[in-house]
Amino acid sequence: KGYKVVIFGHTHKAKIDKDSLFVADRIYANTGCWSQKKAHCVIVDVNADEKATVNLCRVENSGRAVRVEKETI
């Protein structure tokens with residue numbers, strides 16, 4: 001359908017995967033499992049040129065998000 005970023009919360013491993021096998025410019029971001037001690041979130045920033053930066057962040061107990069992985073398309 002032309003989506004550039006797809007966000008999941010399905011598997012237990014938080015990670016960013018760039019699917020270059022089927023689509024050269026699509027990023028899959030997975031937040032992992034929220035029921036474990038290490039929670040993650042995904043923050044997507046789109047600039048004026050419509051470039052998307054996908055940030056996978058670990059959520060600390062204080063609520064602060066710390067980036068652990070980044071990919072741009």
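In which strand does asparagine 30 lie? Asparagine 30 lies in strand β3. The legends below describe close-up views of a predicted model.

**View 1. Asparagine 30 and its link to glycine 32.** This residue of strand β3 has a relative accessibility of 9% and therefore counts as buried, the limit being under 20%. Its side chain reaches the backbone nitrogen of glycine 32 at 2.8 Å.

**View 2. The open sheet β4-β5-β6.** Three strands form an open sheet in the order β4-β5-β6, and their pairing is antiparallel. Strands β4 (39-46) and β6 (65-72) are at the edges; each has a single partner strand, so one side of each has no neighbour in the sheet. On average, neighbouring strands of this sheet are turned by 25° against each other, direction ignored. In general, strands of a sheet pair through backbone hydrogen bonds, in a parallel or an antiparallel manner.

**View 3. Pairing of β5 with β6.** Strand β5 covers residues 52-59 and pairs with β6 in the antiparallel sense over 7 bridges. Which residue of β6 is the bridge partner of cysteine 57? The partner is arginine 67.

**View 4. Glutamate 50 in the loop between β4 and β5.** The phi angle of glutamate 50 is near 65°, a positive value in a residue that is not glycine. Is glutamate 50 buried or exposed? Its relative accessibility is 68%, and glutamate 50 counts as exposed because the limit for that class is over 50%.

**View 5. The largest nonpolar core.** This core has 9 residues: Ala14, Ile16, Ile27, Ala29, Val42, Ala52, Val54, Leu56 and Ile73. The elements that contribute two or more residues to this core are β3 (27-30) and β5. Which element gives the most to this core? Strand β5 does, with 3 residues.

**View 6. Contacts of alanine 52.** Alanine 52 is one of the residues of the largest nonpolar core. Apart from neighbours within four places in sequence, alanine 52 is in contact with Val5, Val44, Asp45, Val46, Glu71, Thr72 and Ile73. Among these contacts, Ile73 is also listed in the core.

**View 7. The salt bridge between lysine 4 and aspartate 25.** The structure holds 4 salt bridges. In one of them, the side chains of aspartate 25 and lysine 4 meet with an N to O distance of 2.5 Å. The pair links distant parts of the chain, 21 residues apart: aspartate 25 is in the loop between β2 (15-18) and β3, and lysine 4 is in the segment before β1 (5-8). The two side chains are also joined by a polar contact of 2.5 Å. Aspartate 25 counts as partly exposed at 33% relative accessibility. Lysine 4 is partly exposed as well, with a relative accessible area of 41%.

**View 8. Surroundings of lysine 4.** Which residues does lysine 4 touch, not counting those up to four places away in sequence? The residues are Asp25, Arg26, Ile27 and Ile73. Lysine 4 and isoleucine 73 are 69 residues apart in sequence, yet their C-alpha atoms are 7.7 Å apart in space. Of the residues touched by lysine 4, Ile27 and Ile73 are listed in the largest nonpolar core.

**View 9. The salt bridge between lysine 18 and glutamate 71.** The closest N and O atoms of this pair are 3.8 Å apart. Lysine 18 lies in strand β2 and glutamate 71 in strand β6, so the salt bridge ties together parts that are 53 residues apart in sequence. Lysine 18 has a relative accessibility of 34% and counts as partly exposed. Glutamate 71 counts as partly exposed at 26%. Glutamate 71 is also among the contacts of alanine 52.

**View 10. A salt-bridge network of Arg58, Glu60 and Arg64.** These residues are linked in a network of salt bridges. Within the network, arginine 58 forms a salt bridge with glutamate 60, and the closest N and O atoms are 3.5 Å apart. Arginine 58 is partly exposed, with a relative accessible area of 29%. For glutamate 60 the relative accessible area is 27%, and this residue is partly exposed.

Methods
Residues numbered from 1 in each chain as written. Predicted model: local features only at pLDDT ≥ 70, side-chain atom pairs only at ≥ 80, totals over all residues. Heavy atoms only, no water. Pairing = 2+ DSSP bridges. Helix = DSSP H or I, 4+ residues; strand = E, 2+ residues; numbered from the N terminus. Axes fitted to C-alpha atoms, helices over the stretch in contact; angles between N-to-C directions. Buried < 20%, exposed > 50% of the residue type's maximum accessible area, 1.4 Å probe, protein only. Core = buried A, V, L, I, M, F, W, Y, C linked by side-chain atoms within 4.5 Å. Contact = heavy atoms within 4.5 Å. Polar contact = N/O pair within 3.5 Å; in protein donor to acceptor, adjacent residues only side chain to side chain.
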